[in-house]
Amino acid sequence: MLYSPKIREEELKNKVAADFFAKYDCTDIIKDIDFAVKLKHSHNSLNFNDEYLLWAEAKSAPSDILVMLTQLVLTIGKARTFNQVLPPKFLGCFDCEKIAFIPYADIQDIFHQNDFNWKAAPSNRESKEFKQIYEKIKQVLTGERTYIFKFSDENNLKLFILKNFLVGKSDVSKIRIDKNNFISIYSKWLEAVKPTISVNWDAAKKKGILSGHFYIADLISDKNTSLKENLMVVLRATRYEMNRHKDEFGAFSSSEVHFNDKQRAHNAFWAIYERPPKEDYWDYIIERQDLLVPQDVRERKGSFFTPQIWVELSQKYIAEVLGEDWQDEYYVWDCAAGTGNLLAGLTNKYNIWASTLDKADVNVMHDRIENGANLLKEHCFQFDFLNDDFDKLPKGLRQIIDDPKKRKKLVVYINPPYVEADNRKGEGRAGVATSAIHQKYSDLMGYTKREIYIQFLTRIYCDIRSCYLANFSKLKNLQAPNFLDFRNFFLAKLEKLFIVPADTFDNVSGQFPIGFFIWDTSKKEKFKEIMTDVFSKIGEHKNKKRIFCYDNEKFINDWVKTFRNSKADSIATIIGVGNDFQNQRLVRFGEPYMKVPADNHNWQITKNNLIESCIYFAVRKIIPATWLNDRDQFLYPNDGWETDLEFQNDCLVYTLFNNNISSKYGINHWIPFIEWDVGAHDKFDSHFMTDFIAGKIDLVAAEPSLFYNAGAGTGGGGTGKIEPRKKTKLKFSEIAKNVFKAGKELWKYYHAQPKCNVNASLYDIREHFQGRNAQGKMNNKSDDEQYNELIGDLREKLKILAKKIEPKVYEYGFLKA
């Protein structure tokens, strides 16, 4: 929950009451106390026995918590409010960013001190009394019973209120840490506690000590002696110990690390959370320390934890390809093992090898073995797969790789890191773009060498020939046009594939598919297509999807070249980034002759290519982008669309009522109505669109781009020149007419508003009613219910029109089915 810094205090109090205390009564005004919370079944008027839970000071602008609480205490003490009604469980304060709670019992002694002038003005920060109370409250705030939340931490704040705003409950319930929230709590710890730890983080990092080790120390080391020997950092009440190691006599020695704020932030943070976690979670948290590794380190090491649901499913698929007894008949090597979770469930430990870049991960695997993991210590080892020579491999594994017959029985089973080694400018990440494999096979991989997982796949294919490869990865190696270099040399049979949402994996937030591939690298064939199984986030088999290779296809932005050149006046710039669904949100309009980065497809929309441009826009927009279609490519169409006037006009209507054109950047040529249709109070600056629809505008053919051969490749077998349309009034389908009707009602309502912009576009109308938030982003809804109803009706009619257009997208070859 975020509130604007410009919000008025009364509005802030009302919003806080509605957003966080809706189950309680926040209507009482108690003397000069800004905000009071009590149970709803209490008396309607002030009564001594009312059961209050909170009295709070409120400020609209960001303010110091100590100052606000001091003012509240002086306000209460001056009025002796606690003699008129029962005091609350908590005192507190809030501004537009945060809210703080202190148990009333912890501070009540202040109200009963002798020789204090309670008549002092609470707002006078320079008074002796204000400074005296300030110092006393400051002492309370250093303890672990001050509870501070940002409003953006909405879930934890609501949970705190739910657990603690109960009558008769004297103790304070803290938020318990478990395996589901220990990572999100860590992100808050980084912000609140880490800056107060006096350590040289760069120097510590070189010794393998990261912020996550201090967090783990906070969680469990001070409470559980049995785990201390496994921890690199230990908390000792008011300090940490790090660089812990045993001397020759078995005694520990270490370096001390202190706090730079007398441990205030540390105490305040751990006042909110219960520690240690339940013992049931200790092993899990220690094992999953990989989740606390910083992003750059995780990417290099490949610390991406594979969810157990996909581990189990992948092993089921391997069994379907290799047979039920595959674990006894085949060898398995996970060369990006991390802490080894991908190998959970495998039964024949004598046939399993696991290697990882990080020695700490090897130690975790060894600890897991001591606690029953079905692996051999000798088979779990440190190895940099992208740099180390195979001479460093254990003897047994090296023998398998060197023996052609045994190598055919080797399954390299991995979930490699997905980070890119190079950015689009060819600038490499330290230690990644300079890997031995990056250098050795640079020419072979071409553009694709920028992907770490491609480097893994390349070494496996080239250096461990004829093995089976069972890997998790993105689908770029199958579909992305820029990955042609990889597909040209990686000739292997894709035996089986399933795909799942990427955001089910740790450290992956995007909406795209991740697949599990089973390759037989002994069978040399180029990938063309495969029917894959699709699973939901919870592991339900949803359907099947055909995955295509697009190497012999031409794309929708190639089609653009047949009509992009027009000498007529521009009515807008259109930007068409990429050819796939992942770039859908970047397809948009701009003002005429807008400057656009050279690597983006863009052109000027004129009277001569308006229809083609609207087809392009509608085709790219009508089907929602999802994780499942994220990598699907839009293609050069066949010529069926050229004679389908209803399809053309449907696309025009869809574009007219679903665009980001704004009159702020010049004359708005996209108004689909005339003045008296919508009750405009003045003349429009342009009637281009209504004249175009009425067939009043002369059209000429658009010219293809210079040197462009429209007849090359698949699709678009014409001459490369779009024939001019006849000067005829456009005819619309009934569904398109319904969109016009809904749009007209919206325009009419807008033009009935005082001081409206007569040349407003649809985007301008939305901005007028919906407004923008503090970050400048347009709000999703308006406070005007009639507008919400009108825009909702227009969107519903557009959805129906989109469904009508969708089959034509496949029929005319814009997408493959």
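Is Y330 buried or exposed in this structure? At 9% relative accessibility, Y330 counts as buried, where buried means under 20% relative accessible area, exposed means over 50%, and partly exposed is in between (1.4 Å probe, protein chains only). Please keep in mind that this is a predicted model, in which local features need pLDDT of at least 70, side-chain atom pairs count only at pLDDT 80 or more, and totals for chains, interfaces and linings use all residues. Residues are numbered from 1 along each chain as its sequence is written, and side-chain values use heavy atoms, with hydrogens and water left out.

## Around Y330 and the acidic patch

Y330 sits in the loop between α12 and β11 (331–334). Helices (H or I, at least four residues) and strands (E, at least two) are DSSP runs, numbered from the N terminus. Along the chain, Y330 and K409 are 79 residues apart, yet their C-alpha atoms are separated by 4.8 Å.

On the surface, E324, D325, D328 and E329 gather in a patch of negative charge. Such patches are made of residues with over 30% relative accessible area and no salt bridge, with like charges joined within 9 Å and nonpolar side chains (Val, Leu, Ile, Met, Phe, Trp, Tyr) within 5 Å. The place of a charge is taken as NZ of Lys, CZ of Arg, CG of Asp or CD of Glu. Lys and Arg count as positive and Asp and Glu as negative, while His and the chain ends are not counted. Accessible areas come from the Shrake-Rupley method with a 1.4 Å probe; for residues, only the protein chains shown count as cover. One member of the patch, D325, lies in the loop between α11 (308–322) and α12 (326–329). D325 counts as partly exposed because its relative accessibility is 46%.

## Salt bridges

Side chains of opposite charge can pair when their charged atoms come close. A salt bridge here is a side-chain nitrogen of Lys or Arg within 4 Å of a carboxyl oxygen of Asp or Glu. By this rule the count comes to 41 salt bridges. Three of them are set out below.

| Pair | N to O distance |
|---|---|
| E191 and K150 | 2.2 Å |
| K440 and D463 | 3.8 Å |
| D463 and R459 | 3.2 Å |

What does the pair of E191 and K150 tie together? E191 lies in helix α5 (residues 182–192) and K150 in strand β5 (residues 147–150), so the bridge links parts that are 41 residues apart in sequence. K150 is partly exposed, with a relative accessible area of 44%.

D463 takes part in a bridge with K440 and also in one with R459. K440 is in helix α16 (residues 436–440) and D463 in helix α18 (residues 452–463), so this pair ties together parts that are 23 residues apart in sequence. D463 and R459 are 4 residues apart in helix α18, so about one helical turn separates them. As for their surroundings, K440 counts as exposed at 54% relative accessibility, whereas R459 is buried, with a relative accessible area of 6%. Elsewhere, salt bridges that share partners join R236, R239, E241 and E256 into one network.

Helix α16 also holds H438, which counts as buried at 6% relative accessibility. The side chain of H438 makes a polar contact with the side chain of Q439 (3.4 Å). A polar contact is a pair of N or O atoms within 3.5 Å; within protein, one must be able to donate a hydrogen and the other to accept it, and residues adjacent in sequence count only if both atoms are side-chain atoms.

## Loops and a pair far apart in sequence

The loop between α2 (65–79) and β3 (90–94) includes R80, and K89 is found there too. R80 has a phi near 50°, a positive value in a residue other than glycine, and is partly exposed at 24% relative accessibility. K89, by its 16% relative accessibility, counts as buried. A polar atom of the K89 side chain lies 2.7 Å from the backbone oxygen of N164. The C-alpha atoms of K89 and A105, 16 residues apart along the chain, are separated by 7.6 Å.

K31 also has a positive phi, near 50°, and its place is in the loop between α1 (9–20) and β1 (35–38).

Finally, K359 is found in helix α13 (residues 359–370) and is partly exposed at 43% relative accessibility. K359 and G208 are 151 residues apart in sequence and 9.6 Å apart in space, C-alpha to C-alpha.
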